[in-house]
Amino acid sequence: MPRPPLRLIVSDLLREPGYRRAVDLEAPVDWALELSRVDPQTPLRAHLVLEGTSGGIVVRGRATVTARHTCRRCLTEWTEPLAAEILEVLASDTEAEYRLHGDEADLEPPLRDAVLLAMPLRPLCRPDCRGLCAVCGADLNTGSCPGHDEAPGSPFASLRDLLEP
């Protein structure tokens with residue numbers, strides 16, 4: 001069975017603390033938040049430097065992906081490149097956040113966490129997005145919905161007079 005692309009042998013780094021190795025990784029991933037996800041059609045690319053320390057390795061570098069977002073106000077979808085910096089320690093210690101598995105380092109958890117933390121939690125297609133009409137669902141960024149404002153049966157109709165000069 002082939003080794004997953006984000007799982008590397010690091011026995012050389014564990015034998016010689018201070019030794020460094022640069023690695024370039026490319027792998028398909030499918031990571032997501034509620035309104036954002038990594039585009040599974042384009043691979044994650046990471047340029048990392050792995051450095052041996054006593055009891056583990058330090059991973060530092062940059063990962064880039066193509067992110068697909070859905071605007072939380074108007075539901076417009078778009079893609080954009082996203083870069084995430086990573087600086088983590090993988091250790092043999094049982095209490096380490098990211099653990100080594102013998103002489104193998106699984107880089108998927110720290111890379112996934114770095115990428116997902118770089119994604120917006122509440123993506124907006126633009127800062128002044130007006131969202132969707134609550135009555136008919138039309139995109140208010142492309143125009144207004146005439147006639148909805150004057151609904152006589154609205155319990156808030158009498159409040160409108162307080163806001164107008």
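These legends accompany several close-up views of a predicted model.

**View 1. The largest nonpolar core and its best-connected residues.**
Welcome to the inside of the model! The largest nonpolar core has 32 residues. Those with the most contacts inside this core are W31, L44, L48, L107, L111 and V115. Two or more residues come from each of β2 (20–27), β4, β5, β6, β7 and α2. The largest share, 5 residues, is given by β5.

**View 2. L48 and its contacts.**
Here we zoom in on one of the core residues with the most contacts, L48. Which residues does L48 touch once its neighbours within four places in sequence are left aside? From R21 to L25, the partners are R21, A22, V23 and L25. Further along the chain, L48 is in contact with V59, R60, G61, R62, I86, L107 and L111. Two of these partners, L107 and L111, are also among the residues with the most contacts inside the core.

**View 3. Helix α2 and its buried residues.**
Helix α2 runs over residues 108–118. Its buried residues are P110, L111, A114, V115 and L116. As you trace them, keep in mind that an α-helix has 3.6 residues a turn, so residues three or four places apart point the same way. What do the buried residues of α2 pack against? They meet strands β3 (36–38), β4 (44–53) and β5 (56–70), and also β6 (77–91), β7 (98–101) and β8 (104–106).

**View 4. E104 and its partner R7.**
E104 belongs to strand β8. Is E104 buried or exposed? E104 counts as buried because its relative accessible area is 18%, and buried means under 20%. The side chains of E104 and R7 are joined by a polar contact of 2.6 Å. Leaving aside neighbours within four places in sequence, the residues in contact with E104 are R3, R7, L8, I9 and V10.

**View 5. D39 in the loop between β3 and β4.**
Although D39 sits in a loop, it is buried, with a relative accessibility of 10%. The D39 side chain reaches the backbone nitrogen of Q41 at 3.0 Å. Beyond its neighbours within four places in sequence, D39 is in contact with T66 and R68.

**View 6. G55 in the loop between β4 and β5.**
How accessible is G55? With a relative accessible area of 46%, this glycine is partly exposed. Its C-alpha atom is 7.2 Å from that of L14, and the two residues are 41 residues apart along the chain. Leaving aside neighbours within four places in sequence, G55 is in contact with L90, A91 and S92.

**View 7. L75 and its positive phi.**
L75 lies in the loop between β5 and β6. Most residues other than glycine have a negative phi. L75, however, is not a glycine and has a positive phi of about 65 degrees. At 52% relative accessibility, L75 is exposed, because the cut-off for that word is over 50%.

**View 8. A nonpolar patch on the surface.**
Our last stop is on the outside. Which residues make the nonpolar surface patch of about 370 Å²? They are F156, L159 and L162. L162 is placed in helix α3 (residues 160–163). With 70% relative accessibility, L162 counts as exposed.

Note on methods. Residues numbered from 1 in each chain as written. Predicted model: local features only at pLDDT ≥ 70, side-chain atom pairs only at ≥ 80, totals over all residues. Heavy atoms only, no water. Buried < 20%, exposed > 50% of the residue type's maximum accessible area, 1.4 Å probe, protein only. Helix = DSSP H or I, 4+ residues; strand = E, 2+ residues; numbered from the N terminus. Contact = heavy atoms within 4.5 Å. Patch = residues over 30% accessible without salt bridge, like charges linked within 9 Å, V, L, I, M, F, W, Y side chains within 5 Å. Areas by Shrake-Rupley, 256 points an atom, 1.4 Å probe, with all protein chains shown as cover. Salt bridge = Lys/Arg side-chain N within 4 Å of Asp/Glu carboxyl O. Core = buried A, V, L, I, M, F, W, Y, C linked by side-chain atoms within 4.5 Å. Polar contact = N/O pair within 3.5 Å; in protein donor to acceptor, adjacent residues only side chain to side chain.
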